[in-house]
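Student: I'd like to go through this one and check each label against its cut-off. Can we start with the strands?

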Amino acid sequence: MNTRRSGKSLIEMLVLISMMSVILGTVATTLIALFKTDRQVRRDLEQQMTLARLSSRFRADAHEAKSCQINQTCDLTWSDGRVVRYALAGQRLSREIRRDGAVEHRDAFVLADTAAVRFEQPATQGGRLVRLSITAKQHSDKPYLTAVRPTTIDAAVGLSLPTQEVAP
């Protein structure tokens, strides 16, 4: 008598299930790593675009300014009386254009949570240079935090003005 098996044995099914679970585990791990990498690349690209936009605005504002006042904020006074104020508020660097104390325009640049912003006016340039530095805060080397791209933006104050209007 010739008996043929028409199904799978229990051992064959267990082997198949274990192979499938190993394959699915590998695929899941790979997908998680890809999503994490994608998220980091997006954050880095967003930070790079924000810094490029900030650099362009900051330099243009400084070039139009006739004077610069720095304390916790950076106030750039234009020849028409308007003041452009850069100030850090949380993780945003806000830019406000004010005339007679009233805000005419406001926009913001979103920085990483761990970013530290500093304004300075190097004495070596006679007050004609303003510097915006963005660095990482101390103890911000945690792997789950967004890394800060250190940036220094230098701009000449009054570059767009005729030479007789530039304040010393």
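Tutor: Sure. Arg-118 stands opposite Ser-133 in β7. Before we go on: this is a predicted model, where local features need pLDDT of at least 70 and side-chain atom pairs count only at pLDDT 80 or more, while totals for chains, interfaces and linings use all residues. Residues are numbered from 1 along each chain as its sequence is written, and side-chain values use heavy atoms, with hydrogens and water left out.

Student: What makes β6 and β7 a pair?

Tutor: Strands here are DSSP runs of E with at least two residues, helices are runs of H or I with at least four, and both are numbered from the N terminus. Two strands pair if DSSP finds at least two bridges between them. β6 and β7 have 6 bridges, in the antiparallel sense, so the requirement of at least two is met.

Student: What is the order of the open sheet of 3 strands?

Tutor: The order is β6-β7-β8, with antiparallel pairing. β6 and β8 each have a single partner strand, so one side of each has no neighbour in the sheet. Ignoring direction, neighbouring strands are turned by 15° against each other on average.

Student: And which strands does α1 lie across?

Tutor: α1 lies across β6, β7 and β8, running at about 20° to β8. That angle is between N-to-C directions, on a scale from 0 to 180 degrees, with axes fitted to C-alpha atoms and, for helices, over the stretch in contact.

Student: Which strands form the open sheet of 5 strands?

Tutor: They come in the order β1-β2-β3-β4-β5, again with antiparallel pairing. β1 and β5 (102-110) are at the edges with a single partner strand each, so one side of each is left without a neighbour. The twist averages 20° from one strand to the next. α1 packs on this sheet too, touching β1, β2, β3, β4 and β5, and its direction makes about 145° with that of β5.

Student: How do you know that β1 and β2 pair?

Tutor: By counting bridges: 5 of them join β1 to β2. Cys-68 stands opposite Leu-76 in β2, and the two strands form a hairpin with 3 residues between them. On the other side, 4 bridges join β2 to β3, and Leu-76 stands opposite Val-84 there. The hairpin of β2 and β3 has 4 residues between the strands, and Gly-81 takes a positive phi near 95° in it.

Student: Why is β2 called largely enclosed?

Tutor: Because 4 of its 5 residues are buried. Buried means under 20% relative accessible area, exposed means over 50%, and partly exposed is in between (1.4 Å probe, protein chains only).

Student: Is Cys-68 buried or exposed?

Tutor: Cys-68 counts as buried because its relative accessibility is 14%. Cys-74 is buried as well, at 0%.

Student: How many disulfides does a search of the whole structure find?

Tutor: The search finds 0. The sulfurs of Cys-68 and Cys-74 are 3.9 Å apart, whereas a disulfide needs a pair of cysteine sulfur atoms within 2.5 Å. Cys-68 is therefore in no disulfide.

Student: Why is the pair of Phe-58 and Tyr-86 given the name it has?

Tutor: Rings of Phe, Tyr and Trp (its six-membered ring) pair if their centres lie within 6.5 Å; planes under 30 degrees apart count as stacked, over 60 as edge-to-face and the rest as tilted. Phe-58 and Tyr-86 have centres 5.2 Å apart and planes at 80°, so the pair is edge-to-face. It links Phe-58 in helix α1 (residues 10-64) to Tyr-86 in strand β3 (residues 83-89), 28 residues apart.

Student: And what kind of aromatic pair do Phe-58 and Phe-119 form?

Tutor: A tilted one, with 35° between the planes and 6.5 Å centre to centre. Phe-119 lies in strand β6 (residues 115-120), so this pair ties together parts that are 61 residues apart in sequence. Both Phe-58 and Phe-119 are buried, and with Tyr-86 they form one aromatic cluster.

Student: Which residues of the largest nonpolar core touch the most other members?

Tutor: Among them are Leu-54, Phe-58, Cys-74 and Leu-93, out of 25 residues in that core. Such a core is a set of buried Ala, Val, Leu, Ile, Met, Phe, Trp, Tyr and Cys residues joined through side-chain atoms within 4.5 Å. α1 gives the most to this core, with 4 residues.

Key
Contact means heavy atoms within 4.5 Å.
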